[in-house]
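The exercises that follow are meant to be worked through with the sequence and the three-dimensional view side by side. Please try each task before reading its solution.

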Amino acid sequence: MTDYPVDMSVKPEIEAFFDEDTNTISYIVKDPTSDACAIVDSVMDIDYAAGRITYDHADALIARIKEMGCKLEWIIETHVHADHLSAAPYIQEKLGGKIGVGSKILVVQNTFGKVFNEGTEFQRDGSQFDALFEDGDTYMIGNMQAVAIYTPGHTPACMVHVVGDAAFVGDTLFMPDGGSARADFPGGDAGTLYDSIQKVLALPDDMRLFMCHDYAPGGREIQWETTVGEEKANNIHVGQGKSREEFIKFRTERDAQLGMPRLIIPSLQVNMRAGEIPTDKDGRPMLKVPVNGL
Ligand SMILES: [Fe+2]
């Protein structure tokens, strides 16, 4: 395993923004020693039945960053989400910052470029993003060094981003009582997800972990923050040293029972373009529905 540069003495200030419609948590990550910040996993609002896009969630992030007087340096996507749309380009237009995602986005663009029968105008080279991260790549948020850790399994382009004593786990892990994310999307793989989760669990026990989603199992309050130690002890899918074989069996059986996420069709088309809405031949914003294509 790569020895990732981790500095637990750096403690970013983190604010969470929960989106009730998609159970997504977006984060503002601020450097305590400068005015620099980053956003992780923003959300663009969609009323899919009406084909209507709005920006209430993104506007709340933008307003907060302006209120803090911060400079937005990065807009990070932990992966190509299948359950909500990214607001990255909208936020970038208002505040600047670079949009970053894992370099395996090319695999995702190839796979779903076919599913949605995209023409050659849809570039499958990741050029819609400003930065494509490889495993172990580092970048700066003010004076804080962040490192991207390649964690495929849920999707081929998933990355966990570690900033000081905080890690943004995307959909590798849920809260301990939520377990893990599904691994049955095209390019997903349960065994690969298990291996990626072990990379996260190898981080220091007191590393803070921030979830991308929470579904409040058992009707508890929504939660989004835990630690590596908590996950190792209590995660219902991988805690207490559960084996790779056990995990693959459980995950595969469970995934076979899951329906498609409500917003997967619009989410993939938008998110594989870094959050841009596709247009038709006349330049009008337009989404497709491939019949029996997923
Ligand atoms: Fe996801």
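**Exercise 1. Find how β1 and β2 are joined, and place this pair within its sheet.**

Solution. Begin with strand β2 (residues 24–30), which is joined to β1 by seven bridges, the two strands running antiparallel; helices (H or I, at least four residues) and strands (E, at least two) are DSSP runs numbered from the N terminus, and two strands pair if DSSP finds at least two bridges between them. Within this pair, Phe18 stands opposite Ile25 in β2. Next, widen the view to the open sheet, in which six strands follow the order β1-β2-β3-β6-β7-β8 with mixed pairing. At its edges stand β1 (13–19) and β8 (131–133), each with a single partner strand, so one side of each is left without a neighbour in the sheet. From one strand to the next the twist averages 25°, where axes are lines fitted to C-alpha atoms (for helices over the stretch in contact) and angles run from 0 to 180 degrees between N-to-C directions. Finally, helix α1 (residues 56–68) packs on the sheet and touches β1, β2, β3 (36–40) and β6 (71–76), its direction making about 15° with that of β2; a contact here requires C-beta atoms, placed from the backbone, to lie within 7 Å.

Before going further, note that this is a predicted model, in which local features need pLDDT of at least 70 and side-chain atom pairs count only at pLDDT 80 or more, while totals for chains, interfaces and linings use all residues. Residues are numbered from 1 along each chain as its sequence is written.

**Exercise 2. Determine which strands pair with β11, and whether its faces are covered or open.**

Solution. On one side of the pairing, five bridges join β11 to strand β10 (residues 144–150) in the antiparallel sense, and Tyr150 stands opposite Met159. β11 also pairs with β12, again antiparallel, over three bridges, and His161 stands opposite Phe168 there. The hairpin of β11 and β12 has two residues between the strands, and Gly164 takes a positive phi near 60° in it. As for the faces, in a regular strand the side chains alternate between the two faces of the sheet. In β11, Met159, His161 and Val163 on one side and Val160 and Val162 on the other are all buried, a residue being buried if 20 or more other C-beta atoms lie within 10 Å of its own, exposed if 12 or fewer, and partly exposed in between, with C-beta atoms placed from the backbone. Since five of the five residues of β11 are buried, the strand is largely enclosed by the rest of the structure.

**Exercise 3. Identify the buried residues of α4 and say what they pack against.**

Solution. The buried residues of α4 are Ala190, Leu193, Tyr194, Ser196, Ile197, Val200 and Leu201. They cover an arc of only 165° around the axis, which puts them on the same side of α4; the arc is that of the directions from the helix axis to the C-beta atoms. Their packing partners are β11 (159–163), β12 (166–168), α5 (228–234) and α6 (244–256).

**Exercise 4. Decide whether Ser180 is buried or exposed, and list its contacts.**

Solution. First locate Ser180, which lies in the loop between β12 and α4. With 25 C-beta neighbours inside 10 Å, Ser180 counts as buried. Leaving aside neighbours within four places in sequence, Ser180 is in contact with Leu173, Phe174, Leu193, Ile197, His237, Val238 and Arg251.

Key. Contact = placed C-beta atoms within 7 Å.
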